[in-house]
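Hello,

Here is the structure I said I would pass on. My notes follow below it.

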Amino acid sequence: KPDPIRIASIEEMIKSNTTFLEKIPVRKFPFIPAYLAADYSFGRCAIYANAMHDLTNLPVTGIVANEYTPLFANSKIGYAHSIILHEDDIAEDAWGKQSLSRILGRYGIEKYSLNEMEHVRITENLKRNSSDKYQEAYAQTIDVIRKYLLK
């Protein structure tokens with residue numbers, strides 16, 4: 001089990017490291033709380049992108065990784081993440097609107113292509129393999145987006 005005393009000690013260490021904290025980019029409102037956004041980072045990003053697309057009609061696509069940075073070198077080549085596209089190289093996922101390069105950096109993607117059909121393929125697989133779970137997660141995601149982003 002997590003040790004609350006140790007967690008509190010580490011929290012204090014982080015809070016006292018102002019150099020580290022100053023390097024963390026400030027998230028701009030509106031945003032989804034981090035504990036919820038993290039849920040959409042791995043595995044549920046396609047559901048998030050579909051829900052956002054359905055609510056806003058913004059284009060959705062998949063990022064296909066062709067090459068990773070050395071730190072992420074063991075990652076699988078191919079479909080990596082789903083995003084919403086905005087104008088001027090701005091993309092959006094559960095962590096908010098940001099440059100596409102920032103999203104690529106988060107996943108350690110060095111060379112890539114954008115492929116809407118890869119996103120569709122992933123979504124269809126999710127729906128086919130666990131339709132009830134997909135629908136439940138999709139409904140929850142719609143609620144999250146409406147609560148935090150589309151007030």
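The notes cover two helices and the nonpolar cores.

This is a predicted model: local features need pLDDT of at least 70, side-chain atom pairs count only at pLDDT 80 or more, and totals for chains, interfaces and linings use all residues. Residues are numbered from 1 along each chain as its sequence is written, and side-chain values use heavy atoms, with hydrogens and water left out.

Helix α4 (residues 45-56) has buried residues (under 20% relative accessible area, 1.4 Å probe, protein chains only): Cys45, Ala46, Ile47, Tyr48, Ala49, Asn50, Ala51 and Met52. Among the elements covering them are β1 (60-68), α6 (116-129) and α7 (131-148). After α4 comes Asn57, with a positive phi near 65°.

The largest nonpolar core (buried Ala, Val, Leu, Ile, Met, Phe, Trp, Tyr and Cys residues joined through side-chain atoms within 4.5 Å) has 20 residues, and Ile32, Tyr48 and Leu149 have the most contacts inside it. Two or more residues each come from α3 (34-39), α4 and α7; α7 gives the largest share, seven residues. Leaving aside neighbours within four places in sequence, Ile32 is in contact (heavy atoms within 4.5 Å) with residues including Arg27, Tyr48, Val144 and Leu149. Another core, of 10 residues, lies apart from this one and includes Ile83 and Tyr107.

In α6, His119, Ile122 and Thr123 are buried. They cover an arc (of the directions from the helix axis to the C-beta atoms) of only 95° around the axis, so they are on the same side of α6. On the other side, Met117, Arg128 and Asn129 are exposed (over 50% relative accessible area).

Regards

Note on methods:
Helix = DSSP H or I, 4+ residues; strand = E, 2+ residues; numbered from the N terminus.
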